[in-house]
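Reader: I am new to this structure. Could you show it to me and take a few questions?

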Amino acid sequence: MKKIFRYFKSMALLELLRGMKLTFSHMFKPKFTIRFPEERTPVSNRFRGVHALRRYPNGEERCIACKLCEAVCPALAITIESELRDDGTRRTTKYEIDLFKCIYCGFCEESCPVDSIVETNFHQYHMENASERIITKEQLLAMGDRMEEQISKDRRKDAAYR
């Protein structure tokens, strides 16, 4: 008896009718559409975007080549090489981040003792070639110079919450 009932149920196409009912119920609801260049979606204040290296107000880079960010990175996306300067301090000669490996966890930012590496709220970047996935020290410093005003403003907001 169950087989006969199941056969007639499949012939009546009840699953199809239920699916059509669901489709039509969503068809006439208001849509949520963003027209991207003109309109922007709100971004969380905890959003982590592309990385940047910061400088001190006198123009010297902040990174002291402690390599904590490289050690703490779970994806092994950061590569640092350093050398001693004439005054005995260490500075980086090579600082690269592989964006294909990076999982944007923020551990590098949290581990930095001098607040050198930060993740900005800039999320509209793209790559046209796979070779562009590695961001060099010069690119990171340029991003930091361009975004410094926004970074320092975000840092002041974060300090107010603590």
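Reader: How much area does the chain expose, and what percentage of it do carbon and sulfur atoms supply?

Author: Happy to start there! This is a predicted model, where local features need pLDDT of at least 70, side-chain atom pairs count only at pLDDT 80 or more, and totals for chains, interfaces and linings use all residues. Residues are numbered from 1 along each chain as its sequence is written, and side-chain values use heavy atoms, leaving out hydrogens and water. By the Shrake-Rupley method with a 1.4 Å probe, the chain exposes about 12100 Å², and the carbon and sulfur share is 58%.

Reader: What radius of gyration does the chain have?

Author: The radius is taken over C-alpha atoms, and the globule rule is 2.2 Å times the number of residues to the power 0.38. Those C-alpha atoms fill a box of roughly 90 × 35 × 35 Å along the principal axes. A compact globule of 162 residues would come out near 15 Å, but this chain has 26 Å.

Reader: Which element gives the largest share of the largest nonpolar core?

Author: Such a core joins buried Ala, Val, Leu, Ile, Met, Phe, Trp, Tyr and Cys residues through side-chain atoms within 4.5 Å, buried being under 20% relative accessible area (1.4 Å probe, protein chains only). Among its 24 residues, Ile78 and Leu140 are two of those touching the most other members. Helices (H or I, at least four residues) and strands (E, at least two) are DSSP runs numbered from the N terminus. Two or more residues come from each of β1, β2, β3, β4 and α5, and the largest share, five residues, comes from α5.

How values were computed. Buried means under 20% relative accessible area, exposed over 50%, partly exposed in between (1.4 Å probe, protein chains only).
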